[in-house]
Amino acid sequence: SGTNRALDATLYVVWALFWLLMILIAVQDAMHEAETRWWEPVVWEGSSCLFATIWMVIQRRAGERYDVYLDRPGRWVAHHLKWLPLIVATFLVCVYLVRHGIYAIAGHEYRHDPWAHVIVYETIKIGLFFGLWLGIFFGFSSYHRWQEERRQLLLLQKSLSDAQLAQLKAQLRPHLFFNVLNTISALMHIDVERA
């Protein structure tokens, strides 16, 4: 529906602004570090943005089937959380492959903390990020559901009003017919010809 598309468009704009802010902050932070090249924070945040956006689009499309649980938030969240291990694994592999690849193309080596630290740190970061955006998605989906139910309620109220009006009209017709017959009957006692 039009409302759903408008909400999704708003969500995507918020998402884009969030990532733009993340990239700008990373670039600004890197300006204070002499050994960091200007393009590195763009690669770091850009690669995260790319794969987070892919997962966000997948979540929005596949997650629509869980909207039947919006009235039970715990269940709704549980259905979305079951995706988290797959998201973490694919995100880490893809993001770090892209970063290593871009650095290799640029003739540099991508250095990061030991893998054990990276995995723990990134898993916590992704979990917090996922929780934040899941809350936002829940809010958008709940608002959409509320708008849809409100629209249906207004349609039902209009249908009920139309049905009540039709019922009143139906009641008036026999009453009018009865009054006409009574008038003719009364007139028969006074003036048959006129009746």
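**Two pockets and a buried aspartate**

In this predicted model, the lining of the largest pocket draws at least two residues from each of H1, helix H2 (39–62), helix H4 (84–105) and helix H5 (115–190). The space inside comes to about 720 Å³. Altogether 26 residues line the largest pocket, and those nearest its centre are Glu 33, Trp 44, Arg 99, Tyr 110 and Arg 111. Sorted by class, this lining splits into 12 charged, 10 nonpolar and four polar residues.

Next comes the second largest pocket, with about 330 Å³ of space. Its lining is made up of 18 residues, and Trp 19, Ala 52, Ile 126, Phe 129 and Phe 130 sit nearest the centre. Here too, H1, H2, H4 and H5 turn up as the elements giving two or more residues. H5 chips in seven residues, the largest share of the lining of the second largest pocket. As for class, the count for the second largest pocket is 13 nonpolar, three charged and two polar residues.

Away from the pocket counts, there is Asp 8 to look at. Asp 8 belongs to helix H1, which covers residues 2–31. Its relative accessibility is 10%, and because the cut-off for buried is under 20%, Asp 8 counts as buried. Leaving aside residues up to four places away in sequence, Asp 8 touches Arg 60 and Arg 61.

Key:
Residues numbered from 1 in each chain as written. Predicted model: local features only at pLDDT ≥ 70, side-chain atom pairs only at ≥ 80, totals over all residues. Heavy atoms only, no water. Helix = DSSP H or I, 4+ residues; strand = E, 2+ residues; numbered from the N terminus. Buried < 20%, exposed > 50% of the residue type's maximum accessible area, 1.4 Å probe, protein only. Contact = heavy atoms within 4.5 Å. 1 Å grid on protein atoms, 1.4 Å probe; cavity = no way out; pocket = protein on both sides within 12 Å on 5 of 7 lines; lining within 4 Å. Points joined across faces, edges and corners; volume = space filled by probe spheres on them. Nonpolar A, V, L, I, M, F, W, Y, C, P; charged D, E, K, R; others polar.
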